[in-house]
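Trainee: Could you take me through the packing inside this one, up close? I'd like to know what sits in the middle and what surrounds it.

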Amino acid sequence: MKYFSTKRTSPVVSFKEAVLKGQPEDRGLYFPASIPMLDPQLIDGLGNMPKVDVAYNVITPYIGSEIDETSLRNICAETVDIDFPLVPITDQISALELFHGPTLAFKDVGARFMSRVLRYFSKDRDRKTLVIVATSGDTGGAVASAFHNIDGIEVVILYPKDKVSRIQELQLTTLGGNVTTLELHSDFDACQTIAKQLLADDDICSRSYVTSANSINVARWLPQQFYYFYAKQRSKQLYGDAAPVACVPSGNFGNLAAGILARKSGLPIRRFIAACNANDVVPRYLNGGEYEPHDSIATLSNAMDVGSPSNWVRIEEICGGRDGISEILSAVSISDQETRSTMIGIHQSTGYILDPHGAVGFSALQKGLRDGEIGFFLETAHPVKFDSVKEILGTQGEIPASVSETVSKQKHAIEVESDYETVRDIVLNRI
Ligand SMILES: *Cc1c(COP(=O)(O)O)cnc(C)c1O
């Protein structure tokens with residue numbers, strides 16, 4: 001498969017080049033030259049197909065022969081070795097739980113796939129591959145876990161001191177080995193600025209192959225289609241043939257763009273609802289306003305605090321302009337107050353514990369679902385990751401085994417001032 005830039009002023013590249021480069025020079029996003037139509041038999045036969053086969057069949061057209069069949073099957077097997085249950089909450093609404101991976105967030109799937117693909121493409125390179133990520137929480141943990149102990153790859157993570165939850169901090173700082181974690185005396189924006197400088201630093205670039213592992217990389221974006229197929233499998237078992245509505249808690253809109261891509265390939269999803277918090281660029285636009293990016297606003301569902309969603313261009317690319325998008329997508333903005341009351345209400349009436357991101361999804365789906373429809377929302381992270389859940393509900397539910405294990409480990413982070421030269425010296429020492 002070839003990939004072009006959504007800005008159309010950079011050269012068309014192979015899958016391998018798109019993965020290694022991450023982003024085209026013109027700062028557009030890579031997009032597949034054609035969207036594959038899946039064999040209807042594949043869709044019909046989804047019911048009893050093993051997870052690995054689903055993943056392999058969905059991703060193969062996007063890669064072609066650039067990864068051999070055995071390696072790609074292994075990559076898929078390692079990526080989806082996670083449960084993706086669809087849990088009924090009300091008569092019409094169920095939760096697609098995407099938090100059963102190693103760091104308890106949906107980002108594990110994309111990060112694991114990308115790490116294995118990068119290992120495959122780096123195996124005969126002469127220099128190390130350096131992965132740099134700035135994180136405000138979930139991304140760093142998923143990337144660190146996915147790349148931990150992968151040969152030939154060094155990982156550097158930058159996070160703002162005192163601004164991630166306790167569990168997130170432990171996930172970032174307890175791995176060691178090829179993962180170096182820097183705790184900066186600053187905020188997330190400063191971490192991101194330094195990460196961008198590192199990615200463009202001549203000395204670093206001449207001594208290693210540098211990449212960012214952020215959500216715009218096609219190797220992180222495309223495998224997010226998998227769990228929409230699993231949702232459809234489970235939905236059929238629970239509700240029969242009715243095509244479900246999918247509601248996606250959104251920040252950078254990569255997850256939603258992957259779902260819409262899966263539908264375009266033939267997956268029977270009735271329509272989508274984008275669930276947003278106060279960062280409502282897309283709800284405003286789809287409800288008739290202008291598309292006006294703004295600075296991000298801090299909310300309870302902080303992994304969705306994005307004022308200028310980077311993957312929106314991919315949704316435009318798949319659907320065309322506003323009219324095409326509106327045919328299959330609506331968007332709802334949910335306030336922190338509604339998020340809180342949804343968490344409390346659902347806990348009281350059903351016993352289910354929503355995390356703030358899932359609560360935005362549930363609430364948006366409940367508002368948007370019409371009579372006779374069934375739907376699912378993506379529960380994008382485990383409630384135990386967010387200190388706010390304890391404050392709001394007085395409990396975070398059962399603590400998963402991986403958390404108890406992480407909590408018993410030693411934190412290793414290098415605490416530094418937010419100073420480029422200091423950070424750069426530490427990074428140069430690792431490559
Ligand atoms: C990253 C993240 C999101 C937003 O996903 P996008 O693909 O950026 O829209 C939602 N919920 C959680 C918990 C996340 O970590």
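Mentor: Start with the largest nonpolar core, which has 93 residues. Within that core, Phe15, Phe147, Tyr227 and Phe272 touch the most other members. Helix H5, spanning residues 107-122, gives the core its largest share, 8 residues. Bear in mind that this is a predicted model. There's also a second core, separate from that one, with 30 residues, among them Ile273, Met304, Ile353 and Ala359.

Now zoom in on Phe15. Skipping neighbours within four places in sequence, Phe15 is in contact with Met1, Tyr3, Tyr62, Ile63, Glu66, Ile67, Val117, Phe121, Val218 and Leu222. Val218 is worth keeping on screen, as Arg314 touches Val218 too.

Arg314 belongs to helix H14, residues 312-319. Arg314 is buried, yet has no salt bridge. The nearest side chain of opposite charge is Glu317, 8.7 Å away, and the cut-off for a salt bridge is 4 Å, so that pair doesn't count. Leaving out residues up to four places away in sequence, what Arg314 does touch includes Leu29, Tyr30, Phe31, Ser215, Ile216, Trp221 and Ala257.

Last stop, the ligand. There are 15 residues around the ligand, and Lys107, Asp138, Gly251, Asn252 and Phe253 come nearest. Asp138 uses its side chain: an N or O atom there is 2.7 Å from a ligand oxygen. With Gly254 and Asn255 you're looking at backbone N or O atoms instead, 3.2 Å from a ligand oxygen for Gly254 and 3.0 Å for Asn255.

Notes
Residues are numbered from 1 along each chain as its sequence is written. This is a predicted model: local features need pLDDT of at least 70, side-chain atom pairs count only at pLDDT 80 or more; totals for chains, interfaces and linings use all residues. Side-chain values use heavy atoms; hydrogens and water are left out. A nonpolar core is a set of buried Ala, Val, Leu, Ile, Met, Phe, Trp, Tyr and Cys residues joined through side-chain atoms within 4.5 Å. Buried means under 20% relative accessible area, exposed over 50%, partly exposed in between (1.4 Å probe, protein chains only). Helices (H or I, at least four residues) and strands (E, at least two) are DSSP runs, numbered from the N terminus. Contact means heavy atoms within 4.5 Å. Lys and Arg count as positive and Asp and Glu as negative; His and the chain ends are not counted. A residue is near a molecule or strand if one of its heavy atoms lies within 4 Å of it. A polar contact is a pair of N or O atoms within 3.5 Å; within protein, one must be able to donate a hydrogen and the other to accept it, and residues adjacent in sequence count only if both atoms are side-chain atoms.
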